[in-house]
Amino acid sequence: MIGRLFRYFSAYFVTFAVPTAESLFLLVLAILAMESADSIRSLYRHFLSGITTKSLNAFYYACSYAKVDYSAFMNVTARLSLKLAPADLKSQPLFLCIDDTMVSKSGKKFEDVSKLFDHAAHNGSNYLNGHCFVSLMLCVPVWNRNRISYLAVPLGYRMWQKKESKLELASAMVRQVMPEFHAQKNVILLCDSWYVKQNLVSIVDEYENLDLIGNARADSVLYDLPPAPTGKKGRPAKHGRRLSIDSDFTLSGEKAGDYYTGCRRVLTNIFGAREVMAYVTCTGKENGTRRLFFSTIFPAQLQIFCAWQEKAPLNQTGSGWMPYIPLFLYSFRWNMEVSYYEQKSFWSLCAYMVRSRRGIEMLVNLINISYCAMKLLPYMEEALSQYRNSSVQEFRFALSEQIRRQIFYVNLVQHVETHIKSMAVIKALRRLCLGETA
């Protein structure tokens, strides 16, 4: 198992110096074996010091000072994920989800720590002391029990600094990974209303196969399409009359999923002269809070196998609901919230004790690629396919047992004095650990 893990993670460290690559792989191995990453010191005391002669400072140096480009981790994870999509699903759209998450830190000696506004804070205040990370997630289609399931793989994290906006940081991350998707027909960005702004949506015009589906502010200015030319003198109108989401969208007679929905083509200042689909949803037919969504891709441009989808409402979509497919696809963004919850609750994403920004980003992304391995390896290794429908935590627990068992086995054999004694111990261990008969 350790050999399999080494071959898998070597793709991330192929351009690094050998000592740095070894240190980073050992850190990843410790994260998987210890089932937590409370701190580098903790990993060293309870695991690394027993399997390597490297000092604790060697691991701190690899994270904070080694001249490596850990931003390339996103590209490696994207390439590995794309290999999982079977040939008959290559035409299905891919989804890139963008969001950010807060990490609260009690100390003030961490680099770039600051007071941040958090609308979801549960500490009695809407502000917390900590870091903000922008992240990118890729959703790729795979077959699961004769259904199309989208495997959600977080590509990476970047710490937000006040010298650049989160929109610029998110755009840079998308630009970095987009070359990996040059052969894909449709790549769709999914984001909430905070990211549906000019600085980010303009990236859609840079790539032919890139589109965006996002939630938008309810007070966004909408216009009808420009009227047909009248033949009269003067400049033609750039757009039609201004629209209201309350009175100019006719809601469906039945609920599409959990909402009554209306849609129409519009123009909006956010996308300039580009026509987009606007969707308005409401919980009630006559009253209720209305939400607004934009899609730069139209239903006719999508090639998606709705009947084979794993989850509703896509797999329940009949011909009457075809115009609403872009809105249904927005639900894939929820995978980011699940990933945040798992990594914060079970993978010690918030427990880092490194002070430098570079060291923090490296450790957070090492945790992330370890998390991603638990999602990808069951599809890459047939011997691990039994864990495809298990949680990543369950797979990591089984993996950690194998790692510790192999390390114990190797250490024991190395310290046996003679060949005769070693063969006897090996036979006993095989019977004990592997259930082999004599």
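**Close-ups of salt bridges, a pocket and a cavity**

**View 1. D248 and its partner R241.** D248 is a buried residue, at 17% relative accessible area. We're looking at a predicted model here, and in it the side chains of D248 and R241 meet in a salt bridge, with N and O 3.0 Å apart. R241 sits on the other side of the 20% cut-off for burial: its relative accessibility is 48%, so R241 counts as partly exposed.

**View 2. K54 reaches E22.** Here K54 pairs up with E22 in a salt bridge, and the closest N and O atoms are 3.9 Å apart. E22 belongs to helix α2 (residues 18–34), while K54 is in the loop between α3 (40–46) and α4 (56–64), so this pair ties together parts that lie 32 residues apart in sequence. As for accessibility, E22 comes out at 41% and counts as partly exposed.

**View 3. R388 with E382, plus a small network.** R388 and E382 bring their side chains together in a salt bridge, at 3.8 Å from N to O. E382 is exposed, with 60% relative accessible area, whereas R388 is partly exposed at 30%. Elsewhere, D99, R333 and E337 are joined into one network by salt bridges that share partners. Searching the whole structure turns up 15 salt bridges.

**View 4. The largest pocket.** This one has a volume of about 1,200 Å³. Which residues come closest to its centre? They are K311, S331, F332, W334 and N335, out of 43 that line the pocket. Two strands, β4 (147–159) and β11 (290–295), each give two or more residues to the lining, and so do the helices α8 (325–329), α9 (334–346), α10 (357–380) and α11 (392–414). Sorted by class, the pocket lining has 23 nonpolar residues, 12 polar ones and 8 charged ones.

**View 5. The cavity.** How many cavities of 30 Å³ or more does a search of the whole structure find? Just 1, and the volume of the largest cavity is about 40 Å³. Lining the largest cavity are L82, A85, L89, K90, L94, P141 and Q184. That lining splits into 5 nonpolar, 1 polar and 1 charged by class. Lys counts as charged, so K90 is the charged one in this set.

Key. Residues are numbered from 1 along each chain as its sequence is written. This is a predicted model: local features need pLDDT of at least 70, side-chain atom pairs count only at pLDDT 80 or more; totals for chains, interfaces and linings use all residues. Side-chain values use heavy atoms; hydrogens and water are left out. On a 1 Å grid over the protein atoms alone, a cavity is a set of points where a 1.4 Å probe fits but cannot get out, and a pocket is an open set with protein on both sides within 12 Å along at least five of seven lines; lining residues have an atom within 4 Å of a point. Grid points are joined across faces, edges and corners, and a volume is the space filled by probe spheres set on the points. Helices (H or I, at least four residues) and strands (E, at least two) are DSSP runs, numbered from the N terminus. A salt bridge is a side-chain nitrogen of Lys or Arg within 4 Å of a carboxyl oxygen of Asp or Glu. Buried means under 20% relative accessible area, exposed over 50%, partly exposed in between (1.4 Å probe, protein chains only).
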